[in-house]
Each structure stands twice: as C-alpha cells, then as structure tokens.
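Good morning, and thank you for coming. Please look at the structure on the screen as I speak.

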Amino acid sequence: MGPSGRRLVAQDLSADPLTVASVLLGSHLVVGDVTLRLTEVEAYWGSVDPGSHGYRGMTPRTEVMFGPPGRLYVYRSYGIHWCANIVCGTKGECAAVLLRAGEVVVGQGLAMERRPGAAVRDLARGPGRLTKALGLDGDDDGAAVVGRGARLVLRAPAEPVPAERIRTGPRVGVSGPGGDAEAFPWRYWIDGDPTVSAYRPGGPRVRRG
C-alpha cells in the first residue's frame, strides 16, 4: 500500500468542489477490507452547473448533496451501475466530487472477486467499476466518510500530488451551455497514472494555481 497521511475531517471538505477535487487526488478511501488510492475525480457544483443533479434545486434523491460535507452521494447511473460522490462545500450548498477512478492498493483479492476477470489496473478504472470494487451501492447513500464512528475512512496522501502532475479537462459525458464541454473543465486526474480512464475529451491541460 502506498503511504497515506492523516484522516481527513469535515473541514478539509468544506471548500468548493474544484478545490476539494484536487485535495482528493492521491487520497486513500478505505471501505472495509479494500483501500483505494483516488486517481481521477470530477467536480459538480449545484446551481451554477447544468451537469449537476442539484442544478434545479433539492429533490429527495439529491438531498444529501446539499450537505453537510463528508458524506457519500450514491446514485444509479442509467439503471446499470452505481456512482459514488463525496459531498463537499457548506451545508445548504449543492456540491460534490464524483469518484471516477483509482488504484486498489489493499484488498486486491476481494476486489477481484467482485470484478471477476478484470485486470488489476482496471479494477476501479471508471465510476461503476470503482463502486463495484469497493462494494458500494445505494444502501451507502448518505454514509459518512469523516467523523467518529464513520464506516468509511478517507485519508490524505502522505505527500500531496505535485501540481505539475494534476491535469484537468471536460467531464466525461457532460457538456456545458450550448453543448460546450470546454466551459466546465472540472475533471481532475493524475497524469500518467495507468488507472485513470482512457477518455480525455479536448486534451489534457495543466491546472494552474
């Protein structure tokens, strides 16, 4: 297992989703006997973001996205697979970061049982594969990843991912106003990591600042 640092707390996730997306890269998510190092995420930001499930306001489905930070928002995508997001921002604000891909660093055997036939690098290479490898589903919607007694544990990397290795680009399958996907370059990934999704629309760009 790669080195991990301190356990993250709600304050670490209280910033806007673009900031939190960078924070989450390289972090370790522990779910039972499987630990994942996050290598790719996407930010979603409520009323300013047509791609967000909370763009038009709160519904019973999206209530968890409106805070408090540090919980999972889990939904079924196209009726096929589960996707998991970490809620961030402040309570009452709709903000979350989708967990798109990662490297299974502990519990590869269990992850392979859940994803039979998958290559090691593909165990969590994509949001549906990620939840399958971790054993997450709709019952985990609202589950805490911070705080005392949380079943899921989120730990910072021992050392932050260097800024020059963080790439950004349009989110997968999401476009901005008028179909302009470039308006929302809110997908973040670790450059050169083999577990990152292959799809990179518009080409990667180095994140500045």
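I shall discuss the aromatic rings and their surroundings in this predicted model.

Let us begin with a general point. Two aromatic rings that form a pair are described by how far apart their centres lie and by the angle of their planes.

How many aromatic pairs does the structure hold? There are 3 of them. One of these joins Trp45 and Trp186: the ring centres lie 6.3 Å apart, the planes meet at 50 degrees, and the pair is tilted. This contact links distant parts of the chain, as the two residues are 141 residues apart. Trp45 belongs to the loop between strand 3 (34-44) and strand 4 (72-77), while Trp186 belongs to the loop between strand 8 (166-169) and strand 9 (187-190).

Is Trp186 buried or exposed? With a relative accessible area of 11%, Trp186 is buried, because the limit for that term is under 20%. Trp45, at 25% relative accessibility, is partly exposed.

Trp186 also pairs with Phe184. Their centres are 4.9 Å apart and their planes stand at 90 degrees, so this pair is edge-to-face; that term applies over 60 degrees. Phe184 is buried, at 9% relative accessibility. Through ring pairs, Trp45, Phe184 and Trp186 are linked into a cluster.

Finally, I turn to a contact of another kind. Arg187 lies over the face of Trp189, 4.3 Å from the ring centre.

Thank you for your attention.

Conventions. Residues numbered from 1 in each chain as written. Predicted model: local features only at pLDDT ≥ 70, side-chain atom pairs only at ≥ 80, totals over all residues. Heavy atoms only, no water. Phe/Tyr/Trp six-rings, centres within 6.5 Å; stacked < 30°, edge-to-face > 60°. Helix = DSSP H or I, 4+ residues; strand = E, 2+ residues; numbered from the N terminus. Buried < 20%, exposed > 50% of the residue type's maximum accessible area, 1.4 Å probe, protein only. Lys NZ or Arg CZ within 6 Å of the ring centre and 35° of its normal.
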